Structures are given as C-alpha cells and as structure tokens.
Amino acid sequence: MALDKDPSMRALLEVTDLKTHFPIRKGVFSRISGQVHAVDGVTLTIGDGETLGLVGESGSGKSTLGKSIMRLVEPTSGSIKISGVEITGLNKQEMFEHRRQVQMVFQDPYSSLNPRIPVGKIVAEALDIHGVASGREADDAVREIFRRVGLRPAQMRNFANEFSGGQRQRVGIARALALNPKLIIADEPVSALDVSVQAQVINLFMDLQEEFGLSYLFIAHD
C-alpha cells in the first residue's frame, strides 16, 4: 500500500515497505515451518495535523501495523521515520526519548486500563516515567487533561470499573494526551462502544485535533 502526499507537507511519520512477519512453529522442537505475513510491504506518510484512515477487515494486520510503528511489536524489515529520525534501529533508551511523540489509544477500553490503579494515577504515570511532572504538579496536569476530554477532575480517584465504556475510552485518550504527542495511533477506538457513544468520542478526537494540532493514524474496520 502506498499513499502519495503533497510534497510540500512536512512529514511527521514516514513508513516505507514495512513488514512484520510472525514465525509458525510446529512439532516438539518448535521448528519454524512458515511465516504469517501480518504486515507485508506497507508504505504511508502522515503530515502535521493530518488524519490518515486505515481501513480493513478483521485479521488484515491493521493493529499489528499500528503496534509495529510504536515498536510494541518489532517489525521484520522496512523503515519508520518520526520527524525525520529513523527509529527501527534505536535501542530501548533511544526509543524511550521518541515515544513521547507518538502515543496510542487502544481498541478495548476495558482491558487497556489497569483495574487496580485509580485512573488519575494511570494518566499521571506517563508524566512521572518521562520526567515531565510528579506529585502535585502531575495531579494538576491530569486534572486539566480530564477536563479537556470531558471527565470531571473528581473522577481521578475512581477505578476503571466505575466508568462506562465511553468514559473509559476518554481515560485512554487522556493517557495518550498526557505527554503532548504529535501523533496518536487510534486502534479502532470506537468499535467496542455503543453506537450512541461512538459519535461523541469521534467528535472529541476532532476537537482535540483542532486544539492541539494532532495528527492521527485512525484504524477502523468500516
């Protein structure tokens, strides 16, 4: 898949001939008998403030592509550049410095949040790990993020099971926003939600894009 863009547009994300294959193992000794070509030669470009929709049927490798770009799954070959920097060869420490630029909103708002930690701490965790803010400063930042995604600051003390599906996905969006990323990979972010809630979450994505100048890789099955 190759998508041509305006050459004058500044490339935030450049993916070239990306492949992610998984070995098929059989027998007692787990010998490799073949490969599953989950992602096989994808090329795309996303500019600043742009939304790119990635549509395909279930099992077509959409989520694997998103995770490969994040390097949550290691690609087999190809090139991934973020703001002109090739990230496929970076070690964990070097990659850590680039993760702030790209964040992900996962498909399932139920399994993607730790049920044992208050949601405010889930969002604040990224701020602490990346040295952006901690303690009271982090709490103040999370309160503001909660307001921007349509949640009440008082809900920071609640656990994930106390929220509806749409509210949980708003928490997931808040977590993605915490590090002020340039690009958000949204992996079917409304497919697990009620139809009545889907439009609200889509509108939230649009409002946040306008406010923060975000770029989206928006993965969907329809």
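**Exercise 1. Work out how E6 and E7 pair, and place them in their sheet.**

Start with the pair itself: four bridges link E6 and E7, and the two strands run parallel. For a concrete example, take Val105, whose bridge partner in E7 is Ala186. H1 packs on this sheet with contacts to E3, E6, E7 and E8, and its direction makes about 150° with that of E6. H5 packs on the sheet too, touching E6 and E7, with its direction at about 175° to that of E6. Keep in mind that this is a predicted model.

Now step back to the whole sheet. It is open, has four strands in the order E3-E8-E7-E6, and its pairing is parallel. At the edges stand E3 (51-55) and E6 (102-105); each has a single partner strand, so one side of each is left without a neighbour in the sheet. On average, neighbouring strands here are turned by 15° against each other, direction ignored.

**Exercise 2. Find the strand order of the antiparallel sheet and say which strands stand at its edges.**

First, the order: this open sheet of four strands reads E2-E1-E4-E5, and the pairing is antiparallel. Next, the edges: E2 (31-47) and E5 (85-86) each have a single partner strand, so each has one side without a neighbour in the sheet.

Then look inside the sheet. E1 (residues 11-26) and E4 (residues 77-82) run antiparallel and are joined by five bridges. To see the register, find Lys19, which stands opposite Ser77 in E4.

Last, add the helix: H1 (residues 62-70) lies across E1, E2 and E4, running at about 115° to E1.

**Exercise 3. Which elements supply at least two residues each to the largest nonpolar core?**

Begin with the core: it has 37 residues, and those with the most contacts inside it are Val123, Phe146, Val149, Ile173, Leu177, Phe205 and Leu208. The elements that each supply at least two of its residues are helices H3 (119-129), H4 (135-148), H5 (165-177) and H6 (195-212), plus strands E7 (183-187) and E8 (215-220). H3 gives the most, with six residues.

Zoom in on Phe205. Leaving aside neighbours within four places in sequence, Phe205 is in contact with Val105, Ile173, Ala186, Pro189, Tyr216 and Phe218. Apart from this core lies another one, of 24 residues, with Met70, Ile82, Ile185 and Ile219 among them.

**Exercise 4. Sort the residues of H4 into buried and exposed, and say why the buried ones line one face.**

Get the helix dimensions out of the way: H4 has 14 residues and reaches 20 Å from its first C-alpha to its last, close to the 20 Å expected at 1.5 Å a residue. Buried residues of H4 are Ala138, Val142, Ile145 and Phe146. Looking down the axis, the buried residues fall within an arc of 100°, so they line one face of the helix. On the other side, Arg136 and Glu137 are exposed.

What does the buried side of H4 pack against? Its buried residues pack against H3 and H5. Just after H4 comes Gly150, with a positive phi of about 85°.

**Exercise 5. List the buried residues of H3 and say which helices help cover them.**

The buried set is Val119, Gly120, Ile122, Val123, Ala124, Ala126 and Leu127. What covers them includes H4 and H5. Following H3 is Gly131, whose phi is positive, near 70°.

**Exercise 6. Is His98 buried or exposed, and what does it touch?**

Locate the residue: His98 lies in helix H2 (residues 92-98). Its relative accessible area is 15%, and buried means under 20%, so His98 is buried. Neighbours within four places in sequence aside, His98 is in contact with Val85 and Leu90.

**Exercise 7. Which residues does Arg175 touch, and how far is Arg175 from Ala138?**

Arg175 lies in helix H5. Not counting residues up to four places away in sequence, Arg175 touches Gln103, Phe106, Ser112, Leu113, Ile122 and Val123. For the distance, go C-alpha to C-alpha: Arg175 and Ala138 are 12 Å apart in space and 37 residues apart in sequence.

Key:
Residues numbered from 1 in each chain as written. Predicted model: local features only at pLDDT ≥ 70, side-chain atom pairs only at ≥ 80, totals over all residues. Heavy atoms only, no water. Pairing = 2+ DSSP bridges. Contact = heavy atoms within 4.5 Å. Axes fitted to C-alpha atoms, helices over the stretch in contact; angles between N-to-C directions. Core = buried A, V, L, I, M, F, W, Y, C linked by side-chain atoms within 4.5 Å. Buried < 20%, exposed > 50% of the residue type's maximum accessible area, 1.4 Å probe, protein only. Expected span 1.5 Å × (residues − 1). Arc of directions from axis to C-beta.
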